[in-house]
Amino acid sequence: MQFAGMNYLAILVAAIFAFAIGAAYYGSLSKPWMKAARLDPDAPEPAMAPLMITTFILELGLAFVTAGIIGHLGPGQVTVLNGVISGLFLWAGIIFTTMAINNRYQGFGWDLTLIDGLHWLLVMIGIGVTIGWFGV
């Protein structure tokens, strides 16, 4: 299940774990998130299947890239600790900063940034832990 040091089973499991984190997280924070995102709870819901498929595919890509970055630490360095540290660096340096900038330009408040930011922090830690746990 490996090619060029990438453990594809670990990547698949990490993406599934990331998806599950999002489902549980937004399932519990749906009302505050909808308020922060300025969504009308009485409006018709969009078709969920395409959104869920897109989400999973993109989280699969996120897990793949994260695995590549962790793998570049070198042989024997794909550990749970290094997975968590890499996930934190990617979140703090790329994901949260980009999201915060976009939210400012789109006129959203910090409440949406914090809700979504915590979600992505949990996702990146989850992906890092999973990749590190599987190792190479």
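The following exercises, each with a worked solution, concern a predicted model of a protein chain.

**Exercise 1. Overall build**

Determine how many helices and strands the protein chain has, and in what order the elements run.

Solution.
Step 1. Count the elements: the protein chain contains five helices and two strands.
Step 2. Read the order from the N terminus, which gives β-β-α-α-α-α-α.
Step 3. Consider the extent. Along the principal axes, the C-alpha atoms of the protein chain fill a box of roughly 50 × 30 × 20 Å.

**Exercise 2. Surface, interior and contacts**

Describe the accessible surface of the protein chain, its share of buried residues and the sequence separation of its contacts.

Solution.
Step 1. The accessible surface of the protein chain amounts to about 8100 Å², and carbon and sulfur atoms account for 75% of this area.
Step 2. Of the 136 residues in the protein chain, 34% are buried.
Step 3. Take the contacts between residues at least 6 apart in sequence: 78% of these join residues at least 24 apart.
Step 4. Turn to the charges. The protein chain has 4 positive and 6 negative charges, and the mean positions of the two groups lie 9 Å apart.

**Exercise 3. A nonpolar surface patch**

Identify which residues make the nonpolar surface patch, and state which helix supplies the largest share of the patch.

Solution.
Step 1. The patch is made by Tyr-8, Phe-64, Val-65 and Ile-69, and has an area of about 330 Å².
Step 2. Helix H3, which spans residues 48-71, supplies the largest share, namely three residues.
Step 3. Tyr-8 lies in another place, helix H1 (residues 8-28).
Step 4. Check the exposure of Tyr-8. A patch residue must have over 30% relative accessible area. The value for Tyr-8 is 34%, so this residue is partly exposed and passes the cut-off.

**Exercise 4. Two residues of helix H1**

Decide whether Ala-10 and Phe-19 are buried or partly exposed, and name the residues that each one touches beyond four places in sequence.

Solution.
Step 1. Locate the residues: Ala-10 is in helix H1, and Phe-19 is also in helix H1.
Step 2. Apply the cut-off for burial, which is under 20% relative accessible area. Ala-10 has a relative accessibility of 1% and is therefore buried. Phe-19 has a relative accessible area of 27%, so Phe-19 is partly exposed.
Step 3. List the contacts, leaving out residues up to four places away in sequence. Ala-10 touches Thr-130, Ile-131 and Phe-134. Phe-19 touches Met-52, Thr-55, Phe-56 and Glu-59.
Step 4. Set sequence separation beside distance in space, C-alpha to C-alpha. Ala-10 and Gly-135 are 125 residues apart in sequence and 8.0 Å apart in space. Phe-19 and Ile-70 are 51 residues apart in sequence and 20 Å apart in space.

**Exercise 5. The loop between H2 and H3**

State where Arg-38 and Ala-47 are found, and decide whether these residues are buried or exposed.

Solution.
Step 1. Arg-38 belongs to the loop between H2 and H3. Ala-47 is likewise found in the loop between helix H2 (30-36) and H3.
Step 2. Residues over 50% relative accessible area count as exposed. Arg-38 reaches 54% and is therefore exposed. Ala-47 reaches 53%, so Ala-47 is exposed.
Step 3. Examine the backbone of Arg-38. Its phi is near 60 degrees, a positive value in a residue other than glycine.
Step 4. Relate Ala-47 to Gly-22. These residues are 25 residues apart in sequence, and their C-alpha atoms are 18 Å apart in space.

Definitions and conventions. Residues are numbered from 1 along each chain as its sequence is written. This is a predicted model: local features need pLDDT of at least 70, side-chain atom pairs count only at pLDDT 80 or more; totals for chains, interfaces and linings use all residues. Side-chain values use heavy atoms; hydrogens and water are left out. Patches are made of residues with over 30% relative accessible area and no salt bridge: like charges are joined within 9 Å, nonpolar side chains (Val, Leu, Ile, Met, Phe, Trp, Tyr) within 5 Å. Accessible areas come from the Shrake-Rupley method with a 1.4 Å probe; for residues, only the protein chains shown count as cover. A salt bridge is a side-chain nitrogen of Lys or Arg within 4 Å of a carboxyl oxygen of Asp or Glu. Helices (H or I, at least four residues) and strands (E, at least two) are DSSP runs, numbered from the N terminus. Buried means under 20% relative accessible area, exposed over 50%, partly exposed in between (1.4 Å probe, protein chains only). Contact means heavy atoms within 4.5 Å. Lys and Arg count as positive and Asp and Glu as negative; His and the chain ends are not counted. The place of a charge is taken as NZ of Lys, CZ of Arg, CG of Asp or CD of Glu.
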